[in-house]
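The following exercises ask the reader to work from a set of coordinates to a reasoned description of the fold. Each task is followed by a solution in steps.

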Amino acid sequence: GINAEYGDCKGSVFVRVGVTPSLPVGEAWELVPGSLCRQLSVSANQVYGVTSNYSLVCRYGISPSLPAGNYWRRLAGPSPDRSVRILSTTLNNCLWCEGGSGELYRRRVKVVAVQTRHTNCEQQTYDGWEVL
């Protein structure tokens, strides 16, 4: 899982670094550069956000050695205008959200470990959005 805690303050995203079983409160808060988020949702190994203009984003490159990850990537939202009003994720990356017109959607996400010649990383595969 993520060895950090994520929080937001006035749209800025912060990560609590140095979180370990022996130091569960961690060491310090660090600013995560990039997207300003009005809402965050954290699974066991990913961080998802809703930006100030209601876009859906995901933080990539999160690992125990890099709890803030590398970059934000915009994901396609479910509704015709692609906006997301409210977001929640389960520990295993199933996304639940309210679309721009108030519909409830679900999208299953699978995180797959990928090993290349030079590095180990994770890759996500998605099922399509489902209207509930």
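The exercises below treat the chain as a whole, its sheets, its cores, its aromatic pairs and its backbone. The model is predicted.

**Exercise 1. Overall composition**

Task: Determine how many helices and strands the chain contains, and state what percentage of its residues count as buried.

Solution.
Step 1. The assignment gives zero helices and 13 strands. The pattern along the sequence is accordingly an unbroken series of β elements.
Step 2. The chain has 132 residues, of which 39% count as buried.
Step 3. The exposed surface amounts to about 7,600 Å², and carbon and sulfur atoms contribute 51% of that area.
Step 4. Among contacts with a separation of 6 or more, 38% are between residues 24 or more positions apart.

**Exercise 2. The sheet that contains β6**

Task: Give the strand order of the open sheet that includes β6, and explain why one side of β4 and of β7 is left without a neighbour in the sheet.

Solution.
Step 1. The order is β4-β5-β6-β7, four strands with antiparallel pairing.
Step 2. β4 (37-42) and β7 (71-75) stand at the edges and have a single partner strand each, so one side of each lacks a neighbour in the sheet.
Step 3. From one strand to the next, the twist averages 30°.
Step 4. Strand β6 (residues 56-60) is joined to β7 by five bridges, and the two run antiparallel. Within this pairing, Cys58 has Arg73 of β7 as its bridge partner.

**Exercise 3. The sheet that contains β9**

Task: Identify the strands of the open sheet that includes β9, and find the bridge partner of Leu95.

Solution.
Step 1. Four strands, in the order β8-β9-β10-β13, make up this open sheet, and their pairing is antiparallel.
Step 2. The edge positions belong to β8 and β13; each has a single partner strand, so one side of each is without a neighbour in the sheet.
Step 3. β9 and β10 run antiparallel and are joined by four bridges. The bridge partner of Leu95 is Arg107, in β10.

**Exercise 4. Nonpolar cores**

Task: Name the residues that touch the most other members of the largest nonpolar core, and say which strand gives the most to this core.

Solution.
Step 1. The largest nonpolar core has 13 residues, and Tyr48, Leu56, Leu87 and Leu95 touch the most other members.
Step 2. At least two residues of this core come from each of β5 (47-51), β6, β8 (84-89) and β9 (95-99).
Step 3. The strand that gives the most is β6, with three residues.
Step 4. Another core, of 11 residues, lies apart from it; Val32, Cys37, Val47 and Ala68 are among its members.
Step 5. As background, nonpolar side chains tend to be buried together in soluble globular proteins.

**Exercise 5. Aromatic pairs**

Task: Establish how many aromatic pairs there are, and classify the pair of Tyr60 and Tyr71 as stacked or edge-to-face.

Solution.
Step 1. The count comes to two aromatic pairs.
Step 2. Tyr60 and Tyr71 have ring centres 5.4 Å apart and planes at 10°; the pair is therefore stacked, since planes under 30 degrees apart count as such.
Step 3. Tyr60 belongs to strand β6 and Tyr71 to strand β7, 11 residues apart. Tyr60 is buried, at a relative accessible area of 11%, whereas Tyr71 is partly exposed, at 42%.
Step 4. For Tyr105 and Trp129, the ring centres are 6.4 Å apart and the planes stand at 80°, so this pair is edge-to-face.
Step 5. Tyr105 lies in strand β10 (residues 104-107) and Trp129 in the loop between β12 (120-126) and β13 (130-131), so the pair ties together parts 24 residues apart in sequence. Tyr105 counts as buried, at 6% relative accessibility.

**Exercise 6. Positive phi outside glycine**

Task: Locate Tyr54 and Asn93, and decide whether Asn93 is buried or exposed.

Solution.
Step 1. Most residues other than glycine have a negative phi.
Step 2. Tyr54, although not a glycine, has a positive phi of about 70°. Tyr54 is found in the loop between β5 and β6 and counts as partly exposed, at 25% relative accessibility.
Step 3. Asn93 likewise is not a glycine and has a positive phi of about 75°. Asn93 lies in the loop between β8 and β9.
Step 4. The relative accessible area of Asn93 is 3%, so Asn93 is buried.

Definitions and conventions
Residues are numbered from 1 along each chain as its sequence is written. Side-chain values use heavy atoms; hydrogens and water are left out. Two strands pair if DSSP finds at least two bridges between them. Axes are lines fitted to C-alpha atoms, for helices over the stretch in contact, and angles run from 0 to 180 degrees between N-to-C directions. Buried means under 20% relative accessible area, exposed over 50%, partly exposed in between (1.4 Å probe, protein chains only). Contact means heavy atoms within 4.5 Å. Accessible areas come from the Shrake-Rupley method with a 1.4 Å probe; for residues, only the protein chains shown count as cover. A nonpolar core is a set of buried Ala, Val, Leu, Ile, Met, Phe, Trp, Tyr and Cys residues joined through side-chain atoms within 4.5 Å. Rings of Phe, Tyr and Trp (its six-membered ring) pair if their centres lie within 6.5 Å; planes under 30 degrees apart count as stacked, over 60 as edge-to-face and the rest as tilted.
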